[in-house]
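Subject: Structure for you to look at, with notes

Dear colleague,

I am passing on the structure we spoke about, together with some notes on what turned up in it. Please open it beside this message, so that you can follow each point in the model as you read.

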Amino acid sequence: MEWMTMGFGYIEIDRSLPIPLYKQLESSIIEAIKKGELEPGDKLPTEEDLADRLSLSRPVVRQAYGSLVSQGFILRERGRGSFVKARNLGDLANKILSFSQETLLLGHVPTTRVLTFEKTTLPEWVADGKCPSGGEWFFLERQRFVDGTPSVYLSTWVPADRFPALIEYDFAAHSLYATLDELYSVHPSLAERSVWAELAHVKVAEMLKIPEQSAVAMMKSYVYDADRNLFEISIEAFPGDKTRFNFEVRSD
């Protein structure tokens with residue numbers, strides 16, 4: 001077993017394990033990032049330096065760095081080197097996960113503040129032809145934080161006649177998806193999403209703690225269960241300088 005300190009804890013390489021060496025290196029660096037030992041903007045050793053210091057081949061280090069780049073943990077800049085990447089709050093937007101799941105997977109602490117939770121009718125501009133407007137819906141307005149920093153301003157509509165028991169829950173403490181699963185065995189199966197940019201109006205700027213008229217990324221989602229029944233509509237606003245949306249595009 002070999003250990004190496006890099007000023008941010010230890011990298012552990014155990015050649016007796018069946019785990020590939022590049023995966024061991026990758027895991028050690030991810031752990032350092034999650035613990036805060038490596039912070040956004042920190043420069044990593046060059047591939048040559050790290051290979052020499054750990055007695056690894058350069059292809060092993062290159063594979064580890066390449067995997068870290070693809071996962072969004074580090075950024076390579078030509079002529080400058082490899083750096084720990086700033087958190088991108090929208091990296092998991094192509095997966096149907098709860099906010100808590102997304103944030104925890106990125107190694108951060110999620111919290112939620114409920115601004116409004118009431119029974120109302122569904123506005124026509126929100127339905128947008130996907131379902132009838134009007135009716136009885138729950139409107140849930142939330143401000144979300146990552147490590148104490150405002151990260152998402154979110155408005156959600158859920159059909160009240162289908163899920164009446166939701167009114168008993170505090171969604172500052174409970175996940176909406178987990179509650180729907182527990183009470184009604186409803187799981188998200190498909191989401192139709194649209195993404196656009198706009199300038200922050202007063203309310204959005206206040207919720208995200210950014211200057212008014214700053215660029216924000218917007219995402220509207222129509223979420224369906226396994227039977228293709230629409231059960232959630234949401235509109236989210238993200239700070240424009242901290243957001244990136246990744247999508248897979250297939251030819252088949």
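The notes below take up the salt bridges, then the cavity, and then the strands.

Please keep in mind throughout that this is a predicted model, and that the values quoted here were computed from it.

Salt bridges

A search of the whole structure finds nine salt bridges, and I will go through three of them in some detail. Side chains of opposite charge can pair when their charged atoms come close. In the pair formed by R62 and E47, the closest N and O atoms are 3.4 Å apart. Because R62 belongs to helix α3 (residues 58-70) while E47 belongs to helix α2 (residues 47-54), this contact ties together parts that are 15 residues apart in sequence. As for their surroundings, R62 is partly exposed, with a relative accessible area of 38%, whereas E47 counts as buried at 14% relative accessibility, a value that falls under the 20% cut-off for burial.

E47 also meets R76 in a salt bridge, with a distance of 3.0 Å from N to O. Here the partner of helix α2 is strand β3 (residues 74-77), where R76 lies, so the pair ties together parts that are 29 residues apart in sequence. R76 is partly exposed, its relative accessible area being 37%. These contacts belong to a wider arrangement, since E47, E48, R58, R62 and R76 are linked in a network of salt bridges.

Elsewhere in the chain, the side chains of K130 and E192 come together in a salt bridge of 2.9 Å, again taken from N to O. This pair links distant parts of the chain, with K130 in the loop between α5 (124-127) and β6 (134-146), and E192 in strand β8 (residues 190-199), 62 residues apart. Both residues are partly exposed, K130 at 41% relative accessibility and E192 at 33%.

The cavity

How many cavities of 30 Å³ or more does the structure hold? There is one, and the space in the largest cavity comes to about 30 Å³. The residues that line the largest cavity are F117, F138, L140, V158, L166, F171 and L176. When that lining is divided by residue type, it comes out as seven nonpolar, no polar and no charged residues.

Strands β6, β7 and β10

Strand β7 (residues 149-159) is mostly covered, as 10 of its 11 residues are buried. It runs antiparallel to β6, to which it is joined by 10 bridges, and if you would like a place to start looking, Q143 stands opposite Y153 in β7. The two strands β6 and β7 form a hairpin with two residues between them, and in that turn D147 has a positive phi of about 55 degrees. Strand β7 is also joined to strand β10 (residues 230-239) by five bridges, and these two strands likewise run antiparallel; within this pairing, L154 stands opposite E236 in β10.

With best wishes

How values were computed. Residues are numbered from 1 along each chain as its sequence is written. This is a predicted model: local features need pLDDT of at least 70, side-chain atom pairs count only at pLDDT 80 or more; totals for chains, interfaces and linings use all residues. Side-chain values use heavy atoms; hydrogens and water are left out. A salt bridge is a side-chain nitrogen of Lys or Arg within 4 Å of a carboxyl oxygen of Asp or Glu. Helices (H or I, at least four residues) and strands (E, at least two) are DSSP runs, numbered from the N terminus. Buried means under 20% relative accessible area, exposed over 50%, partly exposed in between (1.4 Å probe, protein chains only). On a 1 Å grid over the protein atoms alone, a cavity is a set of points where a 1.4 Å probe fits but cannot get out, and a pocket is an open set with protein on both sides within 12 Å along at least five of seven lines; lining residues have an atom within 4 Å of a point. Grid points are joined across faces, edges and corners, and a volume is the space filled by probe spheres set on the points. Ala, Val, Leu, Ile, Met, Phe, Trp, Tyr, Cys and Pro count as nonpolar, Asp, Glu, Lys and Arg as charged, and the others, Gly among them, as polar. Two strands pair if DSSP finds at least two bridges between them.
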